[in-house]
Amino acid sequence: MSNQQKVVLESASKTEVFIPAFQVKKNRKFPCEYRKRCQELVKLKLLKSLGLKYIDGANYGTFQITKLGIKQLTKAMGDSQA
């Protein structure tokens, strides 16, 4: 798992509904290509797309981390500490 994917999964695991566009402002190490990383993680079934959410006149993609995503994240965190 790439470092960028790990950053996205870490951020998604901290909230129930993950909105990447808002997380970019909070997390400075967030990858520039976060949309591409989110779509990769959806294809790998590590994130689940919840569709668009309308906030302040704009639509944002929302995601939720899956059980498989949590499992892969804990495995990646364990590998990086070893």
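Helix axes at 65 to 115 degrees to each other count as roughly perpendicular. In this predicted model, α1 and α3 pack at an angle of about 80 degrees. The two helices are therefore roughly perpendicular to each other. Their axes lie 10 Å apart. On the α1 side, the contact is made by Q4, Q5, V8 and L9. On the α3 side, R37, C38, E40 and L41 take part.

Start with α1 itself. This helix covers residues 3-13. Eight of its eleven residues are buried, so that the helix counts as mostly covered. The buried ones are Q5, K6, V7, V8, L9, E10, S11 and A12. Three of the contact residues towards α3 are on that list: Q5, V8 and L9.

Two other buried residues of α1, V7 and S11, meet a residue from further along the chain. That residue is N27, which touches both V7 and S11, leaving aside residues up to four places away in sequence. N27 is found in the loop between α2 (20-26) and α3 (34-43). Is N27 buried or exposed? N27 has 16% relative accessibility, and the cut-off for buried is under 20%, so N27 counts as buried.

The aromatic residues come next. The structure holds three aromatic pairs. One of them joins F18 and F30. A pair of aromatic rings is described by the distance of the centres and the angle of the planes. For F18 and F30 the values are 6.4 Å centre to centre and 45 degrees between the planes, a tilted pair. F18 lies in the loop between α1 and α2, and F30 in the loop between α2 and α3, so the pair ties together parts that are twelve residues apart in sequence. F18 is buried, and so is F30. F18 and F30 also belong to one aromatic cluster with Y34.

F22 and Y60 form another pair. Their ring centres are 4.8 Å apart and their planes stand at 45 degrees, so this pair is tilted. The pair links distant parts of the chain. F22 sits in helix α2 and Y60 in strand β2, 38 residues apart. F22 counts as partly exposed, at 28% relative accessibility. Y60 is partly exposed too, with a relative accessible area of 24%.

A further link across the sequence runs from α3 to G61. R35 lies in helix α3. R35 and G61 are 26 residues apart in sequence, but 9.1 Å apart in space, C-alpha to C-alpha. R35 counts as exposed, at 61% relative accessibility.

Now the cysteines. How many disulfides does a search of the whole structure find? The search finds zero. For C32, the nearest cysteine sulfur is that of C38, 13 Å away. A disulfide needs two cysteine sulfur atoms within 2.5 Å, so C32 and C38 do not form one. The surroundings of the two residues contrast. C32 is exposed, with a relative accessible area of 78%. C38 counts as buried, at 1% relative accessibility. C38 is also one of the α3 residues in the contact with α1.

After α3 the chain reaches K45, in the loop between α3 and β1. Most residues other than glycine have a negative phi. K45 is not a glycine, yet its phi is positive, at about 65 degrees. K45 is exposed, with a relative accessible area of 59%.

The strands follow. β1 (residues 47-55) and β2 (residues 58-65) run antiparallel, and eight bridges join them. In a regular strand the side chains alternate between the two faces of the sheet. I55 stands opposite A58 in β2. The two strands form a hairpin with two residues between them. Which residue in the turn has a positive phi? It is D56, with a phi of about 50 degrees. D56, like K45, is not a glycine. D56 is exposed, with a relative accessible area of 79%.

Definitions and conventions: Residues numbered from 1 in each chain as written. Predicted model: local features only at pLDDT ≥ 70, side-chain atom pairs only at ≥ 80, totals over all residues. Heavy atoms only, no water. Helix = DSSP H or I, 4+ residues; strand = E, 2+ residues; numbered from the N terminus. Buried < 20%, exposed > 50% of the residue type's maximum accessible area, 1.4 Å probe, protein only. Contact = heavy atoms within 4.5 Å. Pairing = 2+ DSSP bridges. Phe/Tyr/Trp six-rings, centres within 6.5 Å; stacked < 30°, edge-to-face > 60°. Axes fitted to C-alpha atoms, helices over the stretch in contact; angles between N-to-C directions. Parallel < 35°, antiparallel > 145°, perpendicular 65-115°, else oblique.
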